[in-house]
Amino acid sequence: MSDDQPLRHVVLIGFMGTGKSTVSRRLAEHLGCATCDVDAEIVKREGEEIASIFANRGEEAFRAAETAALDAVLGTKDKLVIATGGGAVLSSANRELMLRNGYVVALTAHPEQVIARVSQDPERPLLQGGVRERVYKLLEDRKHAYDFAHLSIDTTDLTVDEVVNRIAEAAARNSQHSNS
Ligand code: S3P
C-alpha cells in the first residue's frame, strides 16, 4: 500500500483486559463494517484453542500462528475493525504490518481494572500461576510496547461508547488527512 492511500482497517492493540473485543464490536457497528478478532482467527486456522496451543506447542508456535493470522486478516479487502491479542505488538514484523494496513489504536487501562477484567476469564495462558503478579510483571515488561500506535486511549474512566466515539472521530480525521 502506498503512503497516500487511506489506512484501510482500524486495528485495536492493547494489554489483555483493556476492552479491545468489546470496543471492536461496538466500533464496527458504529462504522458499519465487520469486526475480526485475531485470537478467534488463530483458533479457527489452527483448529485448536489458544490455551491448548500454548500448552502443546509453546509460545513460539503461538506467535508464528498469530503473525500468519494477522497477515491474513489485514489482507482482507473490505474495511474491518480488528482486535489483536495483547502480545501481537511484540514482533516488529507485526507492528509494521499493522501500521501499513491500518489506523492503529492502543487501549490502556489502570492495572487494577485490567486485573478485575482478566480475573473473570481464567483461561489466559500467560496469567497462570498468579494473575496479579503476572499482570504487573507483564505490564512492566511491555511498558512501551503499545507506543507505536497512531492514537492511544486510556479507557479506565470512559464508557464503551465514549471510547468508540473518540476512535471514530480520530479515524475520520485521519482518513480526511490521507485523502487530501
Ligand atoms: C496474549 C493475549 C491474549 C492471547 C494470548 C497471549 C498476550 O489475547 O493472544 O493469550 O501475550 O498478551 P487478549 O489480549 O485478547 O487477552
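**Exercise 1. Describe the shell around the ligand by residue class and by nearest members.**

*Solution.* Step 1: the shell around the ligand comprises five nonpolar, three polar and five charged residues. Here Ala, Val, Leu, Ile, Met, Phe, Trp, Tyr, Cys and Pro count as nonpolar, Asp, Glu, Lys and Arg as charged, and the others, Gly among them, as polar. The model is predicted, so local features need pLDDT of at least 70 and side-chain atom pairs count only at pLDDT 80 or more, while totals for chains, interfaces and linings use all residues. Residues are numbered from 1 along each chain as its sequence is written, and side-chain values use heavy atoms, with hydrogens and water left out.

Step 2: there are 13 residues around the ligand, and K20, D39, R63, R124 and R142 come nearest (a residue is near if one of its heavy atoms lies within 4 Å).

Step 3: helix α3, residues 50–74, gives the most to this shell, with three residues (helices are DSSP runs of H or I with at least four residues, strands runs of E with at least two, numbered from the N terminus).

**Exercise 2. State which protein atoms lie 2.8 Å or 2.5 Å from oxygen atoms of the ligand.**

*Solution.* Step 1: on the side-chain side, a polar atom of K20 is 2.5 Å from a ligand oxygen, and one of D39 is 2.8 Å from a ligand oxygen.

Step 2: G86 takes part through its backbone, with a polar atom 2.8 Å from an oxygen atom of the ligand.

Step 3: of the 380 Å² of accessible area that the ligand has on its own, the protein covers 94% (Shrake-Rupley method, 1.4 Å probe).

**Exercise 3. Identify the pocket in which the ligand sits, and characterise its lining.**

*Solution.* Step 1: the ligand sits in the largest pocket (more than half of its atoms lie within 2 Å of the grid points). A pocket is an open set of points on a 1 Å grid over the protein atoms alone, where a 1.4 Å probe fits, with protein on both sides within 12 Å along at least five of seven lines; lining residues have an atom within 4 Å of a point.

Step 2: its volume, the space filled by probe spheres set on the points, is about 760 Å³. Its lining has 33 residues, with M16, K20, D39, D121 and R124 closest to the centre.

Step 3: α3 gives the most to this lining, with six residues. By class, the lining has 11 nonpolar, 10 polar and 12 charged residues.

Key:
A polar contact is a pair of N or O atoms within 3.5 Å; within protein, one must be able to donate a hydrogen and the other to accept it, and residues adjacent in sequence count only if both atoms are side-chain atoms.
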